[in-house]
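Welcome! Please take a moment to look over the sequence and the model below, and then follow the tour.

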Amino acid sequence: MKMKKVMALVLTGVMMASVTACGGSSTTATTAAATAAATEATTEAAGSEAYDASATVDFEMKTSESNTIVTVGEIDKSLYETPVLVTSFGQSTDAAMLDTVMKKAGVEYAYNATATADDVAGYKTVVIAVGASSKGLGAAGISESEEMARAEKFMEAVKANDVEVVCCHIGGSSRRGSLSDDFADMVMEVASYIVLKEDANFDYKFTKFAESNNVPITLIYATKDTVSVFTDLFAK
Amino acid sequence: MANVKYLWKNAIVLAVAAVFAIMASKDFLAMHVDEPIVETEYLTEIRMLSEYSENLAGSALDTEVYVFDSGVEGGTMLILGGTHPNETAGLLAAIGMIENMNVTQGRVFVIPWTNKGGFTHTSPLDGMQDFVSLTLDDGSVRTFRVGNRLTNPIYQWPDRIYYEGSSGRQLEGTETPEIRNANRMYYGNKDGVLTEQLCYGIYNLINTESVNFCMDMHEGSPEFLFLDCTMVNSRVDNAAAMSIASDMSLSMMLDGLDMRAEYSGVTSYGLSHRSLGDNTDCMMYLMETYNPSMGPLHGKMDDDLLINGNEPNYYQANKDGYIYFEVPEDGYTLESRTMRQMVCLKYLADAYSGYYPDKAVTIEGVYDYATMMDIGLGGVLKPINN
């Protein structure tokens with residue numbers, strides 16, 4: 001009987017100590033909250049492009065933290081005159097970044113992420129951010145097929161108006177995917193210059209194209225390096 | 001006589017239990033005391049959120065709104081810290097802004113304890129510390145609560161088995177506790193559950209004060225895909241929001257910080273950036289920094305984890321390719337995360353002002369990242385009673 005009381009006392013102490021340690025609420029809440037957070041992450045990630053990480057196994061970068069910009073080929077800067085039109089093929093966030101880059105680079109430019117063929121006339125250079133985003137297309141209220149149709153007509157107008165084209169892929173490896181690649185292929189075909197965040201080149205797609213078509217390509221290590229590239233390109 | 005003997009024994013058991021209960025009560029009650037915030041000469045006034053959601057008055061979720069009005073015509077910015085109290089950098093950044101910021105054009109509203117009901121408890125079975133204490137440059141110590149991402153159930157209970165918020169978000173199954181998550185219940189309901197009344201207060205503040213842009217500051221577990229990232233509500237008629245976020249991101253990159261901007265998830269109903277952005281004229285942003293104490297791989301909850309941000313398990317997980325976020329080997333300190341958030345707020349205001357000079361919000365007293373790290377948390381947080 002005495003032992004029972006001692007045990008009860010000890011157990012009471014243990015119980016109170018454990019209550020002090022855990023600080024309220026319920027186990028269910030923790031588990032459910034964690035699950036909900038994970039669900040949210042998954043849901044929000046669904047719109048982003050994925051790529052096969054295993055494809056990067058043999059990939060060697062030319063750029064590095066200490067060598068952030070590498071150009072392969074000769075750039076004829078005299079080709080790139082202002083005013084410049086910046087637009088997007090795929091409605092990723094990269095076009096908005098180029099909007100900021102041009103501003104910081106002090107370039108005379110206009111930004112219209114959904115510019116049409118009718119907007120091309122009057123510009124001497126167009127810089128196109130290639131990269132598809134399902135969230136971006138949704139935010140712009142555009143379907144993939146509508147965006148592709150706009151891009152095709154835009155490129156026809158570019159050719160008809162003899163405008164210089166810079167293909168800009170600055171979203172990195174996460175901006176690779178079939179639709180993004182379709183837009184990149186469409187623009188590279190006409191571009192006289194390519195700017196690429198190099199980790200997107202994990203399968204050497206862009207450098208292979210540039211080499212075989214004799215198009216200069218500038219590889220950048222980080223998105224911020226784009227500012228130097230365009231400051232230099234349009235410096236007269 | 002035998003009864004008296006048993007009475008004494010029972011009384012002793014009860015007395016011992018009472019000692020533990022008193023110790024536990026002190027622990028619990030300490031969480032209900034707001035940490036002091038130093039008011040500067042630049043602070044215009046402190047309001048209560050219940051001015052914008054009257055049913056909140058007298059409740060545990062009514063919270064202070066710090067107002068900085070320059071008196072110079074311009075735009076209006078809203079800063080939300082402590083939406084999820086366990087995301088400590090968000091609280092400290094909001095307090096850091098209040099104690100250092102001088103607004104010289106436009107107005108800035110700061111809510112440091114957005115979900116005050118989440119600061120009064122911690123996450124059960126996580127062994128979470130109740131507080132973190134930081135030593136200031138003058139040697140004094142300031143202590144801050146480490147709360148929970150959800151409203152304390154003593155204020156809002158029970159969790160419904162099914163609930164549809166104003167945004168259309170349907171809470172059911174394992175998500176039902178999220179009815180106490182302020183960042184799932186926007187744009188709120190003045191007659192809804194308490195957390196919804198809180199959300200309605202913020203929604204109504206935005207509309208009443210014509211807030212132009214708002215940043216909701218968060219942290220995420222290392223597994224989360226949107227760390228060092230700002231979520232942007234970008235409606236078709238509000239496309240400049242992404243350019244402004246990109247401007248802010250680029251400024252941070254030029255400071256040597258990783259930051260990117262992403263569109264709000266289409267189905268992120270109830271989250272601030274989605275539902276306040278969709279239902280008000282305010283440009284809504286939400287930023288996240290890495291917090292290793294929030295993920296399931298974390299080790300012991302101690303100062304090394306909470307303040308130094310040091311979690312070898314996550315460093316290894318990244319090295320082994322299990323998580324995307326590049327975890328620094330020497331930790332990701334609370335100081336660097338707080339400074340990152342303060343710099344983000346400063347650059348967001350700068351970017352917005354660049355796009356809309358007639359609605360500019362100019363913040364002085366917050367600098368680039370390198371300068372802020374030189375000042376450090378010990379300098380940003382001001383001594384109490386000075």
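Two strands count as paired if DSSP finds at least two bridges between them. Helices (H or I, at least four residues) and strands (E, at least two) are DSSP runs, numbered from the N terminus. This is a predicted model, in which local features need pLDDT of at least 70 and side-chain atom pairs count only at pLDDT 80 or more, while totals for chains, interfaces and linings use all residues. Residues are numbered from 1 along each chain as its sequence is written, chains are lettered from A and ligands numbered from 1 in the order in which they are written, and side-chain values use heavy atoms, with hydrogens and water left out.

## The sheet of chain A

Let us begin with the sheet. In chain A, 7 strands form an open sheet with mixed pairing, in the order β1-β7-β6-β5-β4-β2-β3. Which strands stand at the edges? They are β1 and β3 (109-111) of chain A; each has a single partner strand, so one side of each has no neighbour in the sheet. On average, and ignoring direction, neighbouring strands of this sheet are turned by 20° against each other. At one edge, β1(A) pairs with strand β7 (residues 217-220) of chain A in the antiparallel sense, over 4 bridges. Within that pair, A:T71 has A:T218 in β7(A) as its bridge partner.

Helix α7 (residues 205-213) of chain A packs on the sheet and touches β5, β6 (193-197) and β7 of chain A. Here touching is a matter of contact, meaning heavy atoms within 4.5 Å. The direction of α7 makes about 160° with that of β7(A). For such values, axes are lines fitted to C-alpha atoms, for helices over the stretch in contact, and angles run from 0 to 180 degrees between N-to-C directions.

## Chain A as a whole

Now step back. Chain A has 8 helices and 7 strands. Of its 236 residues, 48% are buried, where buried means under 20% relative accessible area, exposed means over 50%, and partly exposed lies in between (1.4 Å probe, protein chains only). When contacts between residues at least 6 apart in sequence are taken, 82% join residues at least 24 apart. The accessible surface of chain A is about 10600 Å², and 54% of that belongs to carbon and sulfur atoms. Accessible areas come from the Shrake-Rupley method with a 1.4 Å probe, and for residues only the protein chains shown count as cover.

## Two helices side by side

Two packed helices are described by the angle between their axes and the distance between the axes. The axes of helix α5 (residues 144-160) and helix α6 (residues 178-188), both of chain A, come within 11 Å and cross at roughly 10°. That makes α5(A) roughly parallel to α6(A), since angles under 35 degrees count as roughly parallel, over 145 as roughly antiparallel, 65 to 115 as roughly perpendicular and the rest as oblique.

Residues of α5(A) in this contact include A:M148, A:A151 and A:M155, while those of α6(A) include A:L179, A:F183 and A:V187. By class, the contact has 7 nonpolar, no polar and 4 charged residues. Ala, Val, Leu, Ile, Met, Phe, Trp, Tyr, Cys and Pro count as nonpolar, Asp, Glu, Lys and Arg as charged, and the others, Gly among them, as polar.

Why is α6(A) described as largely enclosed by the rest of the structure? Because 8 of its 11 residues are buried. Among them are A:L179, A:F183 and A:M186.

## A buried strand in chain B

In chain B, strand β5 (residues 107-111) has 5 of its 5 residues buried, so this strand is largely enclosed by the rest of the structure. B:R107, B:F109 and B:I111 point one way from β5(B), and B:V108 and B:V110 point the other way. The strand has these pairings:

| Strand paired with β5(B) | Sense | Bridges | One bridge pair |
|---|---|---|---|
| β2 (residues 64-69) of chain B | antiparallel | 4 bridges | B:V67 with B:F109 |
| β3 (residues 76-80) of chain B | parallel | 5 bridges | B:T76 with B:R107 |

## Backbone details in the loops

A cis peptide bond, with omega about 5°, joins A:T82 and A:P83. A:P83 is in the loop between β1 (69-72) and β2 (84-89) of chain A. In chain B, the peptide bond from B:Y186 to B:Y187 is cis, with omega near 5°.

Finally, is A:D162 buried or exposed? A:D162 is exposed, with a relative accessible area of 68%. Its phi is positive, near 55°, in a residue other than glycine. B:D228 also has a positive phi, of about 50°, although B:D228 is not a glycine. B:D228 is buried, with a relative accessible area of 7%.
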